[in-house]
Amino acid sequence: AAAGYFRKFASRVVAVRVGLPFLASPVLSGVRVQAGSPSVVAAVPALTIGVAMSSVLSWIILRLRYDRLVKAAERIAGGDYTVAVSTTGGGLETRFGVAINKISASLADTHDRATFDRLTGVSNRQALLAALFAEVERASRYERPLCVAFVDIDHFKAVNDSYGHAAGDVVLPGVAQPIAENLRTSVLICL
């Protein structure tokens, strides 16, 4: 009786150790199973259901955990550099969140450096030209009037020549800031 029990136990262990190749083709495993054996008939659907449930559960977990990170990355790719994601939790999700926040901050800084003059705090020439062309196009398309105003600082070269560029660096923000403070925020100012 003990030998029969051992044989029955050993055949189950062999079937478990063989795994997927056994289910795919009994020839690969070298194990012979009688056709219609209850263990094989039950194992195939159970394995199929288990794999399907694991796949669905993995997809749901990934979707729930990483969907907000994907949306943040898509917003950054669309030009919104003010994106910030929470980095609570741990593991890979936190690392992705930290990386997305660093990318967003870096792109925002690069964008600011490319479009704003750090000395005066107003738009630089490249930003002005881009906005000017866009506004001329819009005014032409909708047949609306467009106003462009130019301000000149009289004798600015004389200030630089007489007192040096450090004095000129004080004069430029002194002129730009009052103009910016007294116009609507939608008005583009460039010095």
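User: What does it take for a residue such as Arg 118 to count as exposed, and what is its relative accessible area?

Analyst: Exposed means over 50% relative accessible area, buried means under 20%, and partly exposed lies in between. In this predicted model, Arg 118 has a relative accessible area of 57% and is therefore exposed. Its side chain meets that of Asp 109 in a salt bridge, with 3.2 Å from N to O, and Asp 109, at 31%, is partly exposed.

User: How much confidence does the predictor place in the protein, and where is the pLDDT below 50?

Analyst: The pLDDT is the predictor's confidence in each residue, from 0 to 100. Here the mean is 80, and 79% of the residues reach 70 or more. Over residues 5–31, however, the pLDDT is below 50, and this stretch has 13 contacts in the model beyond near neighbours in sequence.

User: Which elements make up the fold, and how many of them are helices?

Analyst: The protein has eight helices and zero strands, so that from the N terminus on every element in the run is α. Of its 191 residues, 15% count as buried.

User: Which residues form the largest nonpolar core, and which helix gives the largest share of them?

Analyst: In soluble globular proteins, nonpolar side chains tend to be buried together. In this structure the largest such core has seven residues, namely Tyr 66, Leu 69, Ala 72, Ile 76, Val 83, Val 85 and Ile 100. Four of them, the largest share, come from helix 4, which covers residues 38–77. Leaving aside residues up to four places away in sequence, Val 83 touches Ala 72, Arg 75, Ile 76, Asn 101 and Ser 104.

User: Which nonpolar residues form a patch on the surface instead?

Analyst: Val 56, Trp 59, Ile 60 and Leu 64 form such a patch, with about 440 Å² of accessible area together. Ile 60, found in helix 4, is partly exposed at 37% relative accessible area.

User: What parts of the chain does the salt bridge between Glu 93 and Arg 65 link, and is Glu 93 buried or exposed?

Analyst: The side chains of Glu 93 and Arg 65 meet at 2.9 Å, N to O, and the pair links distant parts of the chain, with Glu 93 in helix 5 and Arg 65 in helix 4, 28 residues apart. Glu 93 counts as buried at 11% relative accessibility, whereas Arg 65, at 35%, counts as partly exposed.

User: Where does the salt bridge of Asp 161 and Lys 157 lie?

Analyst: Both residues lie in helix 7, four residues apart, which is about one turn of the helix, and their closest N and O atoms are 2.8 Å apart. Asp 161 is exposed at 54%, and Lys 157 counts as exposed at 59%. Elsewhere, salt bridges that share partners join Arg 65, Arg 68 and Glu 93 into one network.

Conventions:
Residues are numbered from 1 along each chain as its sequence is written. Side-chain values use heavy atoms; hydrogens and water are left out. Contact means heavy atoms within 4.5 Å. A nonpolar core is a set of buried Ala, Val, Leu, Ile, Met, Phe, Trp, Tyr and Cys residues joined through side-chain atoms within 4.5 Å. Buried means under 20% relative accessible area, exposed over 50%, partly exposed in between (1.4 Å probe, protein chains only). Helices (H or I, at least four residues) and strands (E, at least two) are DSSP runs, numbered from the N terminus. Patches are made of residues with over 30% relative accessible area and no salt bridge: like charges are joined within 9 Å, nonpolar side chains (Val, Leu, Ile, Met, Phe, Trp, Tyr) within 5 Å. Accessible areas come from the Shrake-Rupley method with a 1.4 Å probe; for residues, only the protein chains shown count as cover. A salt bridge is a side-chain nitrogen of Lys or Arg within 4 Å of a carboxyl oxygen of Asp or Glu.
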